[in-house]
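New to this protein? Have a look at the sequence and the fold first, and then we'll walk through some parts of it together.

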Amino acid sequence: MRKPMTGVRVLEVAQFTFVPSAGAVLADWGADVIKIENPVTGDAQRGLVKVLGQLASKPGSSFAPIMEAPNRGKRSVGLSLTQSEARPVFEELVRRSDVFLTNYLPGARAKLRVDVDDIRRINPDIIYVAGSGFGTQGPDRDAGAYDSTAFWARGGSADGVTPPDAEVPAFMPAGAYGDNIGGITIAGAVAAALYGRQTTGESSVIDVSLLAVGAWTTQFSVNLAMLYEGPLPKIERRTQAPGNPLTGAYRCSDGHFVQLSMLQPTRYWPGFCRLFGLDDVADDERFASLESLAAHADEAYALVAGAIGSRTFEECKQLLNQSGGQWAPVQNAWEIANDEALIANGRIVDVVDAEGNTQKLVANPVKFDEAALTLTRAPQFAEHTDDVLRELGLGDEELIDLKIAGAIT
């Protein structure tokens, strides 16, 4: 089962990353995903020239990761949902689809006649998916959102990583951070709905909101807040688990950081100390039990920070690998792209761009049957309009008429 979604047909009316990234994952898994784009402007994300201060693509290349990542493997059709001439084409695509994906707001869906009732009148068995900012119910159902607002800020992540004395909340660590988490959530929901339809004969309407995904990712803190019936206190902490110096991030002598997460400190303390030349405190009573270690946490923290801080990252790496404890390097984007484990597991994948050059993209995190993942580049704007419409039975004269009417590109 290398491509378990083979044979599934997905129709996508969505822009930017949140819902399109779900379509990309479904395409990775074998689905035939047809992306409907405005016949003049296309997906609005195509217009983003700079991302995080960097050009979206290299000069002379059409390969823009901001479009490639959430749209790889799809076919693009330039189709006007406002033109009456295009409606029969759109409805035929709906009839032939198993899944309909959209992130348009309720008002736009009603205006374009792509809301649940509109789509279900055409295809009663279709799985309808609406990605939203704040859910289909409640006072904010009509409000627009991006992951920086609904997922990151309102969903609690920004507050969770912002120090108590900060002047401003922390920014997201990467563009489309919540969008991509939400996208793979949608892909999983679609898989469940397809299974449900097969076993019960009933189709589903799916809503995944960025806010709900944000709350899900911060649920450890949210659940605690509900347990104690109030906001959690902001505490200044040097380690991941207060009282445990073998958790948290430490700076090496060459500026690199290592993240320790040895949640059983008394198990790893003696070995860590001996490896790092702290033999005199390996069996010290101050650090022998959880209670005594917590009582002398500042002293223990200073010992660990000094031991790591006096060594280069490579030296720390060799020693920590011998410790048997859990740790990881704190990596930047380039280091992640070259991570040996990701490469060995096929999670950094080659893709040939429109100019025939080999590029690389991060794969979705799911691997089936140890099979290597092959990626197809994202479509150029409206690249497959003629091909897809010919599959519906339209001839050359009909295509020309639709183009003259402005219904397709």
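What follows is a short tour, from the whole chain down to single residues.

## The big picture

Before anything else, keep in mind that this is a predicted model. The protein has 409 residues, and 42% of them are buried. Its secondary structure comes to 18 helices and 13 strands. Measure out the C-alpha trace along its principal axes and you get spans of about 85 × 50 × 45 Å.

How do the contacts spread along the chain? Counting contacts with a separation of 6 or more, 67% are between residues 24 or more positions apart.

## A three-stranded sheet and its helices

Let's start with a sheet. Strands 9, 10 and 11 sit in that order in an open sheet, and the pairing is antiparallel. At the edges you'll find strand 9 (247-251) and strand 11 (327-329), each with a partner on one side only. Going from one strand to the next, the twist averages 20°. As for what holds such an arrangement together, strands of a sheet pair through backbone hydrogen bonds, in either a parallel or an antiparallel way.

Zoom in on strand 9 and strand 10 (residues 257-261), and you'll see 5 bridges joining the antiparallel pair. One place to look is Gly 248, whose bridge partner in strand 10 is Leu 260. Two helices deserve a look here as well. Helix 13 (residues 297-309) packs on the sheet and touches strand 9 and strand 10, with its direction at about 40° to that of strand 9. Helix 14 (residues 313-323) lies across strand 10 and strand 11, and runs at about 155° to strand 11.

## A parallel pair: strands 2 and 5

Now for a parallel case. Strand 2 (residues 32-37) and strand 5 run parallel, and 4 bridges join them. Within this pair, Glu 37 stands opposite Gly 78 of strand 5.

Which way do the residues of strand 5 (residues 75-78) point? Arg 75 and Val 77 go one way, while Ser 76 and Gly 78 go the other. That fits a general pattern: in a regular strand, side chains alternate between the two faces of the sheet. Whichever way they point, all four of these residues in strand 5 are buried.

## The second largest pocket

Time for some empty space. Rolling a probe the size of a water molecule over the atoms shows where such space is left. The second largest pocket holds about 1200 Å³. Its lining is made of 29 residues, and those nearest the centre are Asp 159, Gly 160, Val 161, Ser 221 and Arg 237.

Which elements give two or more residues to this lining? They are helix 6 (147-153), helix 7 (157-160), helix 8 (177-200) and helix 10 (219-228). Helix 10 provides the largest share, with 6 residues. Sorted by class, the lining has 16 nonpolar, 9 polar and 4 charged residues.

## Closed-off cavities

There are also 3 cavities of 30 Å³ or more. The largest cavity has a volume of about 80 Å³. It is lined by 15 residues, and Pro 106, Arg 109, Ser 132, Gly 135 and Arg 141 lie nearest its centre.

Helix 4 (106-112) and strand 7 (127-132) are the elements that each give two or more residues to the lining of the largest cavity. Strand 7 gives the most, with 3 residues. The lining of this cavity divides into 6 nonpolar, 6 polar and 3 charged residues.

## A few residues to look up

Most residues other than glycine have a negative phi. Arg 113 goes against that habit, with a positive phi near 60°. You'll find Arg 113 in the loop between helix 4 and helix 5 (116-122). With a relative accessible area of 41%, Arg 113 is partly exposed, because it falls between the 20% and 50% cut-offs.

Asp 369 also has a positive phi, near 55°. Its place is in the loop between strand 13 (358-362) and helix 17 (385-391). Is Asp 369 buried or exposed? Its relative accessibility is 52%, over the 50% cut-off, so Asp 369 counts as exposed.

Finally, find Ala 212 in helix 9 (residues 210-217). Ala 212 is partly exposed, at 44% relative accessibility. Its C-alpha atom is 14 Å from that of Val 19, although the two residues are 193 residues apart along the chain.

Key
Residues are numbered from 1 along each chain as its sequence is written. This is a predicted model: local features need pLDDT of at least 70, side-chain atom pairs count only at pLDDT 80 or more; totals for chains, interfaces and linings use all residues. Side-chain values use heavy atoms; hydrogens and water are left out. Two strands pair if DSSP finds at least two bridges between them. Axes are lines fitted to C-alpha atoms, for helices over the stretch in contact, and angles run from 0 to 180 degrees between N-to-C directions. Contact means heavy atoms within 4.5 Å. On a 1 Å grid over the protein atoms alone, a cavity is a set of points where a 1.4 Å probe fits but cannot get out, and a pocket is an open set with protein on both sides within 12 Å along at least five of seven lines; lining residues have an atom within 4 Å of a point. Grid points are joined across faces, edges and corners, and a volume is the space filled by probe spheres set on the points. Ala, Val, Leu, Ile, Met, Phe, Trp, Tyr, Cys and Pro count as nonpolar, Asp, Glu, Lys and Arg as charged, and the others, Gly among them, as polar. Buried means under 20% relative accessible area, exposed over 50%, partly exposed in between (1.4 Å probe, protein chains only).
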